[in-house]
Each structure stands twice: as C-alpha cells, then as structure tokens.
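Okay, thanks for coming, everyone. I'll walk through a few spots in this structure, so have the picture open and stop me whenever you like.

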Amino acid sequence: MKQGHRPGVFTRRHMMQAGSAILAASSLPARALAAPAAAGAAPAASGPQISKIMTTLSAYMEEAGAKPLPEPVVEKTKQMILDALAAMISGSELPPGKFAINFARAYKGEPVATVAASNIVCGPIEAALANGMLAHSDETDDTHPPSQSHPGASVVPAALAAGERFGIDGNRFVRAVALGYDIGPRFTATLGKLQYMVATHRSTHSLSGTFGSAAAAGCAAGLNQQQMRWLLSYTAQQGSGLASWQRDTDHIEKAFDFGGMPARNGVTAALLVQAGGTAVDDILSGADNFLEAFMPMNDAQMLIELLGQRYEITRTDVKKWTVGAPIQAPLDALDNLFKKNRFGTDDVQKVTIRVAADEATIVNNRIPPDINIQHLTAVMLLDKTVSFKTAHDVARMKDPAVLKQRAKVQLVPDVELEKLMPRRVAVVEVTLAGGKVLSERVETVRGTAGNPMTRDEMIEKARDLIVPVLGADKFQMLATKIFALENVKNVLELRPLLQKT
C-alpha cells in the first residue's frame, strides 16, 4: 500500500481522477455514446424487451448449427480448420505449446476432450485452453484484419472441445467454426479494431476470440435462442484482455491472451448455459450493458451487418510465412525482388521497409524472432526464404552473419500506409552497391482474402507443420478427413489423428 493512502476513503485525488475519466468519455464520438440506444427494442417471445440487435444475433446463432452454408464458405472453413490444427500441432514443439501440454497434464479433469500433439484427454475447458495456447504458440495461425483478431486460434479449439463434449458430427463442426468467425470479429470491428486497442489499451484479439469461441461452443452445445442470449451475457462478463501482450517476450502469455483464454472463456460460457445457468437476457442494451461499458467507436449495427450474407471466414487471411502478420507483405516483397533481379547478399547496402505506422510498433526490434521484422529481413537476405524453423531459431538472433545483415535494415512507420489498413501494404527498397535502388510494393499478400492460397497450397503448408511432429501417414489421413468432414459422424474420429501415441 502506498504511504498516506487510507482504504475506503474517497480522496480529492480520486475525485480528480473520476472527473478526468468523465471528461475523457465526453470527448468520445457521439456514435459511441449513443450505441446502446441505437440497438432499438423488439418484443421477445416472452419476458422482457430485447433489442433488435440481440434478437437478430441470437436467432442467427441458434439457427447456425442446422443451416447449410454456401459451398465456398464450407471449403474455406475446412481450410481454416486444417490451418488451425497445423498451428496447434507445430506449436507443441515451442515453449508456449510445451507449457500448455504440461499444464493440461497437471490439471486434466474428466477425460472428455483431446489435447493436440499429446496423449492427453482432459476436460473440455482445459482442452480448449491448452489447444488455444498451442494454436498461438507462434505466428502460424490466421488473422482477420477487419477486426484486428486471430479467430482460428481460439474458435477452432473451442468448437473441437465442445464438439467432443456433445458428440457433434462434421457438418455441425464446420458450421460452429464458421459461426465463431462470424460473431467474434464483428464485435471488435464494431469496437474499432486496432484504433480501439491503441486508444483503450484493451486487446481486440482477446475480445474477438472470447465472443467467437462462445458462439462456436454454443453452436456445438445446441443452445436455443434464449440460451444464446444468456451465453452472450456470460461471455461479456469474461470480456477482457490488455494490449500489454505486446510486452510479453516469451510468447507464453500472448498465447494465452490470443488463444487459450478466449477458447476457455467461450467453452465455459457454453457449458454454464447448457448446464442450466440463466443470465441477463440482453447484455447489449439496458443498464450497464456491454456497449455502454466498452463504448465502441462504430455504430452497434455493425454487430449484425450483412449477417448471413457476408461470412467473415472468407475475409480471414492465412499466413504464407509463419511469422507475425505485419511482416507478411515485406517478406513477399523481398521474395518478389529476388525473383525479378539478380543480386547477392553482399551486394545489399541498405534495406528500407515501409509499413503502416501502428503495424510497425508491433514488429519493431521485438525479442521473439518470429515477430522481429529486422531479424527476419536479415534471415531472408541470407537464406532467400524464411521457414518455420528459421523463424523460431532464437540462437540465430546472435549469429554475427545475421547481425551484419540486420544492421542494414531500416524500418519506416508510414502514416500514408496506415490509411490503407486493414489492408497491409508494404514498400521495400533495396539499395545495392553503386547506388542502384530496387523497389517493390505489395498491395495484396499471398494468403489474404484478395489473393487466397489454393487448397493444395494449404495442404502443403500444413504438411510442413504437421509431418515433423506426427508423421506423414497420420498427416495424410488427417487432411483427408478434414476435407471430407461432411462424412464424419462424430468429431471424436479426429482424436487418433491429432494425438501422439
């Protein structure tokens, strides 16, 4: 306790702080303050008045489990499931993944759900937490730029854990995952994505994952519309996460923040409601509601914008390179320069990289190698590529050859490129001996929604990540099973293909 502070006494300093908070709130956009009222009100089938947004949202969530999806959405969902499973399995070899498996082994609970790349079967809450951490043990998992989130790292683990708990088939598994992507990202897109995180210090990644995981788990549990409203109330109570994850040097807390905690939160909310727990009928309107507490920068109607017409999973990006999302475009640009020009590593005098200003802060000289843009550029100059192995080679960060190239790299935060977000555009200029400058601008990274990878490319990426851990035969059976999920009677069929024997 600080000297001079008396517990329970409301001091002048506290009054000044409270006044500052009120002034800060008054400076927010009017649309943020008006968001709760914008929801409107519509009569529920019985009981209290429910806002139109909640009515629309909960009805959509109830219907999702039985409603067929368009074929392109089904295909993309299967690809994202394989991508997330590959991230879990490869993540088991990294410190966050090893920690998560050991944690699950110590606190197993009832043997219900699978922990990937292990021989552990544990409770669904524990499995969701462990698999979520596995999925974000590094920067292999997907990203959703319009919401500043990583949906797959928590949504797929939550759907899998709840799916095993309730014995769902492959079709419902696909629909639960697609629903999770639809709901979670809409919440943080409404809040204001990266700008919201910068302004409030709250982690959009954790918030999106929590709501998305809850929707996926609720779908797996077969909750009805009333229960989905309660689910969202339990979920809102767990809405947390701070942007302080950017200071995590070991990636273990970050894996928890992005994947483990949201997946655990979502499965917990679904199990509470499925077990008979009741809650607030509409957490999006009325006294002390979610929108009033979190004060979104955008209109609350974004929560249901084009729901059932625009599937957020189709706007989700896959990472061609197993590194942080802001580094994808610069590596693509360097790769293009190597293919278009003949020059050696020693010919390079300087490399200037321009990325969006806020994005630059995420990857500027970070301690983990897979989110350090200067280090990975140096590796690319030497190897002409960046593999999963080299992106996670901590020892190589002290290699004199790498450090020599790293000294040539200059990162420039670009406010003009910031205006193009959520599209991650990068400009890379390589100055050669003699003064010649090679320049490459990447507008659409391979793997993004605007330049998607093919099924074969997705399978090859997954092969590189899974085979070293589980072997070629098991990988082939898993990939075949994922792309034929409509024939899977129970998701428990995936367990022997995900685990080490």
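So, what do the buried residues of α4 pack against? They sit against β2 (49–50), α9 (170–191), α11 (204–220) and α12 (225–237). Keep in mind as we go that this is a predicted model. The buried set in α4 is Ile53, Met54, Leu57, Ser58, Ala59, Tyr60 and Met61. As for the helix itself, α4 covers residues 52–63, 12 residues in all. From first C-alpha to last, α4 reaches 17 Å, close to the 16 Å expected at 1.5 Å a residue.

Now stay with α11, one of those packing partners of α4, and look at how α11 meets helix α13, residues 252–274. Their axes come within 7 Å and cross at roughly 35°. The crossing is right-handed. On the α11 side, you'll find His205, Ser206, Gly209, Thr210, Ser213, Ala214, Ala217 and Gly218. Facing them from α13 are residues including Asp257, Phe258, Met261, Pro262 and Asn265. If you sort that contact by class, there are 8 nonpolar, 8 polar and 1 charged residues. And here's a bit of background for reading lists like these: an α-helix has 3.6 residues a turn, so residues three or four places apart point the same way.

Next up, the sheet. It's an open one with 4 strands, in the order β6-β5-β7-β8, and the pairing is mixed. Why do β6 (409–414) and β8 (437–442) each have one side without a neighbour in the sheet? Those two stand at the edges with a single partner strand each, so one side has nothing next to it in the sheet. From one strand to the next, the twist averages 15°.

In the middle of that order, β5 (residues 348–356) and β7 (residues 426–432) pair antiparallel, over 6 bridges. If you want one pair to click on, try Lys350, whose bridge partner in β7 is Thr431.

Two helices go with this sheet. Helix α15, residues 328–340, lies across β5, β7 and β8, and runs at about 130° to β8. Helix α17, residues 373–383, packs on the sheet too, touching β5 and β6, with its direction at about 135° to that of β5.

Let's zoom in on α15, because Asp335 is in there and it counts as buried, at 10% relative accessibility. What does Asp335 touch, leaving out residues up to four places away in sequence? The contacts are Lys320, Trp321, Met380 and Lys384.

That last one, Lys384, is worth a click of its own. You'll find Lys384 in the loop between α17 and α18 (388–391), and its phi is near 65°, a positive value in a residue other than glycine. For context, most residues other than glycine have a negative phi. Lys384 is partly exposed, with a relative accessible area of 32%.

Asn365 also has a positive phi, near 50°. Asn365 is in the loop between α16 (357–363) and α17, and at 43% relative accessibility it counts as partly exposed.

Last stop: Asp299, in the loop between α14 (290–294) and α15. Asp299 is partly exposed, at 36% relative accessibility. How far is its C-alpha from that of Arg455, 156 residues apart along the chain? The separation is 36 Å.

Okay, that's my tour. Questions?

Key:
Residues numbered from 1 in each chain as written. Predicted model: local features only at pLDDT ≥ 70, side-chain atom pairs only at ≥ 80, totals over all residues. Heavy atoms only, no water. Expected span 1.5 Å × (residues − 1). Buried < 20%, exposed > 50% of the residue type's maximum accessible area, 1.4 Å probe, protein only. Contact = heavy atoms within 4.5 Å. Axes fitted to C-alpha atoms, helices over the stretch in contact; angles between N-to-C directions. Left-handed = near helix turned anticlockwise from the far one by under 90°. Nonpolar A, V, L, I, M, F, W, Y, C, P; charged D, E, K, R; others polar. Pairing = 2+ DSSP bridges.
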